[in-house]
Amino acid sequence: ISQVAHTPTQPTEGEAFVVTSSVAPRIAEVCGVQLRYRVRYGAVISLDMTCTGAETYTATIPSSAYGAEEMVRWRVTATDTDNNIGIAPPFLDSTGNGQSPEYFGTVTQSPSVTSDLPIFRWFCQNTSAAHNRTGARASVYFAGRFYDNIYVRQRGGATNGSISQKFDFNKGDPFYVN
């Protein structure tokens, strides 16, 4: 599974978006490709992806699935005729020090949120843990890039306070800011 992309980059409320992926056979013939998506931390929804050309698969996430300023995440799974399963992103390490993203994603636009500066959006299922030393896994969207399964916790030392946070991004996918 490679070249996973989506259009538009940041959909508006009411605008569906299409996820495309290149899926090539490796050991045996590909017999099924699915898009698995979720909005925020809701249930995972599975959609069959349609082959639209030589090794190109597409699926549409319907606009009815999300509203404005919603985090939408997805991954692609492919199964071959020998029951081998491929997943993108690979999500190689979910518990150790080499954490990796579990999903691709984006955040939908909101016409009521505007700024001349880039907006840093972060989402966390367990916000109370993210605001103490325990920390929690979170996702960030900034300047058109989505970072999944990062670690966020209360920052210590002289800057310790209720809103002071430390974000540890995954190895191999550092935070980009210019």
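Over how many bridges do strand β12 and β13 pair, and in which sense? The views below take up this pairing and its surroundings in a predicted model.

**View 1. Strand β12 meets β13 at one side of the sheet.** The answer to the opening question is 4 bridges, with the two strands running in the antiparallel sense. Strand β12 covers residues 145-154, and β13 covers residues 165-168. Two residue pairs are worth picking out here. V152 lies opposite F167 of β13, while R153 has K166 of β13 as its bridge partner. As a general reminder when you follow such pairs, side chains in a regular strand alternate between the two faces of the sheet.

**View 2. Strands β11 and β12 form a hairpin.** Strand β11 takes in residues 136-142, and its antiparallel pairing with β12 extends over 6 bridges. One position to look for is A138, whose bridge partner in β12 is I150. Between the two strands sit 2 residues. If you like to check backbone angles, stop at A143 in the turn, where phi is positive at about 50°.

**View 3. Four strands make up an open sheet.** Stepping back from the single pairs, the strand order reads β10-β11-β12-β13, and the pairing is antiparallel. The edges are formed by β10 (121-124) and β13 (165-168), each of which pairs on one side only. On average, neighbouring strands in this sheet are turned by 40° against each other, direction ignored. How enclosed is β12 by the rest of the structure? Strand β12 is largely enclosed, because 8 of its 10 residues are buried.

**View 4. R121 sits in edge strand β10.** Is R121 buried or exposed? Its relative accessibility is 12%, and R121 therefore counts as buried, the cut-off being under 20%. The side chain of R121 is joined to that of E69 by a polar contact of 2.9 Å. Beyond its neighbours within four places in sequence, R121 also touches other residues, and its contacts include Q10, V107 and V113, as well as S139, V140 and Y141. The last three fall within β11, which spans residues 136-142.

**View 5. Confidence along the protein chain.** The chain has a mean pLDDT of 90, and 92% of its residues reach 70 or more. Where is confidence highest, and where is it lowest? Strand β4 (residues 45-48) has the highest value, at 98, and helix α1 (residues 127-130) the lowest, at a mean of 88. A friendly caution for any close-up: where pLDDT is low, the predicted coordinates should not be read in detail.

Methods. Residues numbered from 1 in each chain as written. Predicted model: local features only at pLDDT ≥ 70, side-chain atom pairs only at ≥ 80, totals over all residues. Heavy atoms only, no water. Pairing = 2+ DSSP bridges. Axes fitted to C-alpha atoms, helices over the stretch in contact; angles between N-to-C directions. pLDDT = per-residue confidence, 0-100. Buried < 20%, exposed > 50% of the residue type's maximum accessible area, 1.4 Å probe, protein only. Polar contact = N/O pair within 3.5 Å; in protein donor to acceptor, adjacent residues only side chain to side chain. Contact = heavy atoms within 4.5 Å.
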